Amino acid sequence: MTHVFHRNPRQTLPVAVGGQGIELIDSNGKHYLDACGGAAVSCLGHGHPRVIEAMQQQAAQLAYAHTSFFTTEVAEQLADTLAASAPGDLNHVYFVSGGSEGVEAALKLARQYFVEIGQPQRQFFIARRQSYHGNTLSALAIGGNAWRREPFLPLLVPAHHVSPCFAYRERLDGESDAAYVQRLADELEAKILELGGDTVIAFVAETVVGATAGAVPPVGDYLKRMRAVCDKYGVLLLLDEVMSGMGRTGYLFACEEDGVTPDILVIAKGLGAGYQPIGAMLCSDKIFDAVVGGSGFFQHGHTYLGHAMACAAALAVQRTIADENLLENVKARGEQLRACLREVFAEHPNVGDVRGRGLFVGVEFVADRATKQTLPTADKTHARLKAAAKARGLLIYPMGGTVDGVHGDHALIAPPFICQPGDIDRIVERLALAVADVTGVKAGGAA
């Protein structure tokens, strides 16, 4: 019997006892290819000696000092590193313990900014359907993940949602990228006007949609158009790169690829690569200066902000990514991964789409490729696929509700940045076998 309150108390989990490189090992000695890094977290794999050494040195020197009394050298160094590489004037870094905390901090800072500059009437956030921004109450409220929200609706503050940029599912037949993006920009503007142009705080979006829909990238100049609509009405742009940031797409900040700088940006998972819990909120000079020149105090805080051990681990992770030129490897291995998946599943009747950026890849499963009809919800294809892959020594991150929170199945593949070409081949090979186990159809279309 376990006294741990597990996520799914009815499920008996294997015990992880070790990890090396891109593999995890359980107490029975079974090895698993970690092709998802948990939830796109373990970007350097497991047991990286440089990160472990940095943590050991920091523990010996100073593990913790409360941020109302002290700063630390390692927190200052990490903030300098992030500010130097962030786009635009995102020069101010607020450290937290994870993604949900980061989004909460971002929402509160966005609201406080307008209070500081004399626009307290601004109270609404606009996000997108089929988005996920965290499991704390405010983050859950703005998110568009229907099944996560439903049990807690009475506790959630009102939020407003527009359509996602989900070309595979929502672009009309014959609609060009430009026309599709214009339609989405018009929808955002209409929502702002419906609420009142001077009442909206921010538009919140994942740069590349993560767990809810499976590595859905923006189309064309979508983010630039959303930025333009926000600017027209004085609305902030808040980008959530908790899952897609810190090199996962081949760019340290995913929005760099789109040529857009938000007013506030949130990062987490790949920041510390799982070696310690850490996230961060970055904000622009405009927002920081409004607080400093106004009340002088951000009315927010947690006990473990800027934790020295977490900052030491994250700094070592980021230095390793830079020194080993891993962003270029992410781009190359990402191209290989998508090409291999498209080749292997080219004729598979139940694989509808392969998408993503860098080593952030989604595979969507369907009942019919031509119509994109979803598989029966009762079949729980995503859960069966996770179990089948795990049985074959492969860890992937599947989820249901891809289309509308109820229907649809996909798998997210987000292996470590250190993957070599042979590792990608092994991931694709085991995934193809797991898909055959669940669908009864082998890769290539043969039953």
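Is Asp 263 buried or exposed? In this predicted model, Asp 263 is buried, with a relative accessible area of 7%. That value falls under the 20% limit for a buried residue.

Asp 263 takes part in a salt bridge with Lys 286, and the closest N and O atoms of the two are 3.6 Å apart. The pair links distant parts of the chain, 23 residues apart. Lys 286 belongs to helix 11 (residues 285–293), while Asp 263 sits in the loop between strand 8 (236–241) and strand 9 (264–267). Lys 286 is partly exposed, at a relative accessible area of 41%, whereas Asp 263 is buried.

The structure holds 19 salt bridges, and two others can be followed in the same way. One of them pairs Asp 437 with Arg 392, with 2.7 Å between the closest N and O atoms. Asp 437 lies in helix 15 (residues 421–439) and Arg 392 in the loop between helix 14 (381–391) and strand 13 (394–395), so this salt bridge ties together parts that are 45 residues apart in sequence. Asp 437 is partly exposed, with a relative accessible area of 43%; Arg 392 is also partly exposed, with a value of 36%.

Salt bridges that share partners also occur: Arg 169, Asp 353, Arg 355 and Glu 364 are joined by them into one network. Within it, Glu 364 forms a salt bridge with Arg 355, the closest N and O atoms being 2.9 Å apart. Both Glu 364 and Arg 355 are buried.

Definitions and conventions: Residues are numbered from 1 along each chain as its sequence is written. This is a predicted model: local features need pLDDT of at least 70, side-chain atom pairs count only at pLDDT 80 or more; totals for chains, interfaces and linings use all residues. Side-chain values use heavy atoms; hydrogens and water are left out. A salt bridge is a side-chain nitrogen of Lys or Arg within 4 Å of a carboxyl oxygen of Asp or Glu. Helices (H or I, at least four residues) and strands (E, at least two) are DSSP runs, numbered from the N terminus. Buried means under 20% relative accessible area, exposed over 50%, partly exposed in between (1.4 Å probe, protein chains only).
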